[in-house]
Structures are given as C-alpha cells and as structure tokens.
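Look at the model below before reading on. The text then goes from the whole chain to the sheet, the cores, one helix and one side chain.

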Amino acid sequence: MKLLNKYITLALLISLLGLGACGGKGENKENNNATDTSKTVKKDSAKTDTKQPEVTTNVKPDAALTAKAHLMAGIELDNKGGMDELFATAEAQEHFKLLNKSWQQLEDNRLSKIRPWRDKEIGHINKEKHNLFYPFSGPDFLNAFLYFPNCDNYIMFGLEPIGELPKFDIKDKKFLKNYLYRSREALAELLKRNYFITSFMSGDLNTATMKGVLPLMAIFLSRTGSKIVKIERIVFDTNGNRKIVPVTVPTDKNRTLLHIEFLAKGKANSQHIYYFGSDIQEKYVKQKKHFIDFIKSFDNKVALTKSASYLPHYEIFTTIRNIILDECSAVLQDDTGVPYRYYKERGWNVQLYGKYARPVADFKSGYQPALRDAFKTDSTVKKLDFTYGYHWKTDNTSLLFCQKSKK
C-alpha cells in the first residue's frame with residue numbers, strides 16, 4: 001500500500017468515526033501501584049455481576065453518589081441517600097422496569113456466558129495484582145470490570161468528555177423522566193451489541209440533559225455491584241504537576257483526568273478508575289506527555305482492547321501500541337487491537353478463540369492474512385459461546401489472549 005494513500009484513507013476513516021473502542025458507523029443504530037490522588041490523585045433488587053457476600057471494610061462509600069448511580073442504573077437499595085421520593089416516582093419505577101428488562105437480555109445473552117469463560121481462561125490473571133490499561137474505551141467500564149474485576153486501577157481513555165452527573169429535583173419530574181430516557185438511549189447499543197458506537201455516542205453524551213461518560217460509568221458501577229466512594233477531577237498544570245478539583249469545576253479536557261474511587265461488592269479495599277477524554281494520536285503525544293507519563297507510571301499492567309476501530313494497527317497510534325507491547329504482560333483483545341504479527345514477532349504466547357472473519361465493511365484495511373492463517377492452522381484454537389465485537393450478529397467472533405513470554 002502506498003504510504004500517502006494509507007494516510008488519506010485513515011484520515012477519512014477517523015474523521016467519519018472518531019476515536020474510541022466504541023464501534024463503526026456502518027451498522028445502523030439498532031495495587032501494586034495504587035495512586036495517591038493527593039499527589040496525583042434491603043438488597044439490590046436487580047441482578048449484578050458479583051455474588052460475593054459483604055465483607056468488613058474501613059472504606060466508606062458516599063451514600064448520595066451511590067444512590068444517584070443506583071437510581072440511574074434502575075436498581076433499588078436500602079440507603080437511598082435522601083432520595084427516597086425520587087426512587088418512588090412513577091418515572092423512576094418505569095425506568096427500573098424498562099432498563100431491567102433490557103439488562104436481563106444482556107445478562108442472558110452474554111454476561112452469564114462470559115463470566116465462566118473468564119474464570120476458566122484468564123482466571124490466573126485475576127488472582128494476581130494488576131492495573132488495567134483500556135485504550136479507546138469510551139465509558140465502557142462494564143467490560144473492563146467484567147473481564148478483569150480485581151485490578152487496583154483502571155486506566156481508560158476515549159474522545160468522549162468527562163461530563164457530569166445530573167441534579168435531580170423531585171419537583172422537576174419532566175427532567176427526571178427525560179434524563180432516564182436519555183440514559184437508556186445511550187446504553188441501547190451496548191445492551192444489544194456489548195460495545196458502543198462512537199458516532200452515536202457523540203450525540204448521546206452531548207445533549208442538553210446527559211453529558212459525558214460519567215453518567216454511564218456510574219450506571220456500570222452500580223450494575224457491577226459497586227458503591228461510589230468519591231468522584232473528582234485531577235488537573236495537570238504545564239509542568240505536569242497535579243491538582244485535585246471538584247468534578248463540577250470546568251477544566252481543560254486536554255489536562256484533566258476523571259478519578260472515581262469505588263468499593264466493589266465483596267471487597268475490603270477500594271479500586272480506582274482514571275479516565276481522560278482526549279485525542280492521543282501521535283501528532284498530539286508531545287503536548288499531552290502528562291497523560292502518557294501517567295499511563296506509564298503504573299506497573300504490573302495488563303491491557304484490554306475491544307471494538308477499537310483497528311486504531312492500534314496504524315502508525316498514528318504508535319505510542320499507544322508500544323505501551324501495550326512494551327509495558328503490559330498480558331492482553332485480551334479482538335482483531336481490532338494490536339495486529340497479531342506484532343505479538344508473534346516478539347515471541348508472545350497467543351491463545352486464539354472463536355473464528356476469524358474479514359472486518360466489517362467500514363474497516364476493510366484491518367484484514368490480517370497472518371491471523372487468518374493462524375486460525376486455519378493452529379490446532380489449539382478454542383470455541384466461544386459469546387460474541388466480543390463487531391461480528392455480534394454471527395458466531396464469527398475472534399478473540400486473542402496474548403501473554404508475554406517470561407524470560
């Protein structure tokens with residue numbers, strides 16, 4: 001392929017689709033290194049991811065934040081953080097009914113199948129201390145926690161802004177009804193396909209009512225059985241120093257991290273999400289060195305890539321690709337992540353699952369003959385009974401679990 005044509009094609013692709021592990025537009029919308037943020041940084045009625053009993057902990061969740069997240073997630077809880085009247089409204093009860101029905105379908109079709117696969121195939125990873133790097137993630141904390149529930153820190157980014165949580169008022173039921181409707185709309189593609197579509201999210205997360213990734217992350221935290229301890233922004237100055245500000249304070253998106261501390265069900269220690277909404281193409285890496293340095297500051301990293309628009313294939317994301325290859329000990333991905341040949345050239349062990357199929361129409365340049373041949377000739381390929389990406393309507397899902405060889 002001629003280099004010029006490659007970059008022209010790629011530029012057009014990115015202008016149409018945007019950045020993120022969220023999907024293409026072609027399918028119609030249907031601690032080991034826990035960060036110090038001062039320097040840097042009745043039972044639930046709906047089924048959640050975790051089944052462990054509560055344990056003794058000194059971590060104290062924020063009752064109001066947790067209740068708001070549960071309200072948006074359609075889940076009842078005992079301590080409603082002073083929002084009992086909101087939970088009892090007809091608008092909230094309708095939301096609970098509709099969202100629980102959709103979530104149950106996701107549970108039956110995918111989540112219930114993924115958990116036993118996770119425990120069998122990558123369970124050894126989850127028994128060790130790690131930090132998860134999830135590039136091009138958008139707000140998809142659900143899959144980050146689904147596959148890797150025991151990480152101390154989750155480092156995520158996408159183009160979508162941080163945003164804010166809503167301010168509900170019992171007197172404004174019209175806003176409540178509209179907000180809950182918008183949240184269901186924003187979740188619709190993930191509930192159906194288990195990935196987001198970038199071009200849809202740019203509209204869904206930038207409405208007059210719903211803003212940014214934070215509301216969806218709060219929903220996913222509740223749906224995975226977690227309670228929120230605190231939410232804040234961490235702002236980098238021009239020298240790379242960090243300052244904590246309230247999440248409601250407007251900040252420069254290119255210098256701001258979202259930090260969420262949460263307590264998962266059945267765990268004594270809190271865990272952390274760090275998200276930045278910024279473009280990390282190679283041409284921006286120097287001016288956003290603070291983000292790159294932050295990612296690199298975590299040791300014991302594993303990586304997840306999913307429905308990533310094949311962005312790690314291209315030279316304009318060399319830095320991100322190299323962080324995965326140089327600094328992560330294991331990677332779970334589909335064919336949209338780092339190309340298969342890079343792992344083999346570096347001597348990684350790669351376990352293949354499912355079937356390899358040509359990329360969907362929007363991503364023809366992502367075709368990998370080497371990966372196709374590997375699926376044909378590798379006798380160790382294992383079957384999958386769930387989908388993991390763009391081929392969500394078929395059984396053509398390909399999944400790679402890559403582990404760096406120990407020296």
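The protein chain has an accessible surface of about 17,600 Å², and carbon and sulfur atoms account for 50% of that surface. The model is a predicted one. Of the chain's 407 residues, 58% count as buried. Its secondary structure consists of 13 helices and 10 strands.

The strands make up an open sheet. Its 10 strands follow the order β4-β3-β5-β6-β2-β1-β7-β8-β10-β9, with mixed pairing. The edges are taken by β4 and β9 (349–354); each has a single partner strand, so one side of each has no neighbour in the sheet. From one strand to the next, the twist averages 20 degrees.

Towards the β9 edge, strand β8 (residues 328–333) pairs with strand β10 (residues 398–403) through 4 bridges, in the antiparallel sense. Leu332 has Phe401 of β10 as its bridge partner. Helix α13 (residues 369–377) packs on the sheet here, where it touches β9 and β10, and its direction makes about 75 degrees with that of β9.

At the other edge, β3 and strand β4 (residues 242–246) run antiparallel and are joined by 5 bridges. One pairing to find is that of Ile234 with its bridge partner in β4, Ile244. The hairpin of β3 and β4 has 5 residues between the strands, and Gly240 in this hairpin has a positive phi near 85 degrees.

Next come the nonpolar cores. The largest has 69 residues, of which Phe141, Tyr147, Phe148, Tyr154, Leu258 and Leu332 touch the most other members. Helix α4 gives the most to this core, with 8 residues. A second, separate core has 45 residues, among them Phe157, Leu325, Phe375 and Leu400. Back in the largest core, what surrounds Phe148? Setting aside residues up to four places away in sequence, Phe148 touches Ile122, Ile125, Asn126, Leu132, Tyr154, Val302, Ala303, Leu304 and Leu332. Leu332 is thus both a contact of Phe148 and the bridge partner of Phe401.

Why is helix α2 (residues 63–73) described as largely enclosed by the rest of the structure? The reason is that 8 of its 11 residues are buried. These are Thr66, Ala67, Lys68, Ala69, His70, Leu71, Met72 and Ala73. They pack against four helices and a strand: α3 (84–88), α4 (90–121), α7 (173–193), α9 (214–223) and β3 (226–236). The N-terminal end of α2 is capped by Asp62, which has a side-chain oxygen 3.0 Å from the backbone nitrogen of Ala64. After the helix comes Gly74, with a positive phi near 75 degrees.

Strand β3 also holds Arg233. Is Arg233 buried or exposed? The relative accessible area of Arg233 is 11%, so this residue counts as buried, the limit being under 20%. Beyond its neighbours within four places in sequence, Arg233 is in contact with Ile162, Gly163, Lys243, Ile244, Val245, Pro246, Val247, Val249, Thr251, Thr256 and Leu257. Val247 is 14 residues from Arg233 in sequence, yet the two C-alpha atoms are 5.1 Å apart in space. With its side chain, Arg233 reaches the backbone oxygen of Gly163 at 3.2 Å.

Definitions and conventions
Residues numbered from 1 in each chain as written. Predicted model: local features only at pLDDT ≥ 70, side-chain atom pairs only at ≥ 80, totals over all residues. Heavy atoms only, no water. Buried < 20%, exposed > 50% of the residue type's maximum accessible area, 1.4 Å probe, protein only. Helix = DSSP H or I, 4+ residues; strand = E, 2+ residues; numbered from the N terminus. Contact = heavy atoms within 4.5 Å. Polar contact = N/O pair within 3.5 Å; in protein donor to acceptor, adjacent residues only side chain to side chain. Areas by Shrake-Rupley, 256 points an atom, 1.4 Å probe, with all protein chains shown as cover. Pairing = 2+ DSSP bridges. Core = buried A, V, L, I, M, F, W, Y, C linked by side-chain atoms within 4.5 Å. Axes fitted to C-alpha atoms, helices over the stretch in contact; angles between N-to-C directions.
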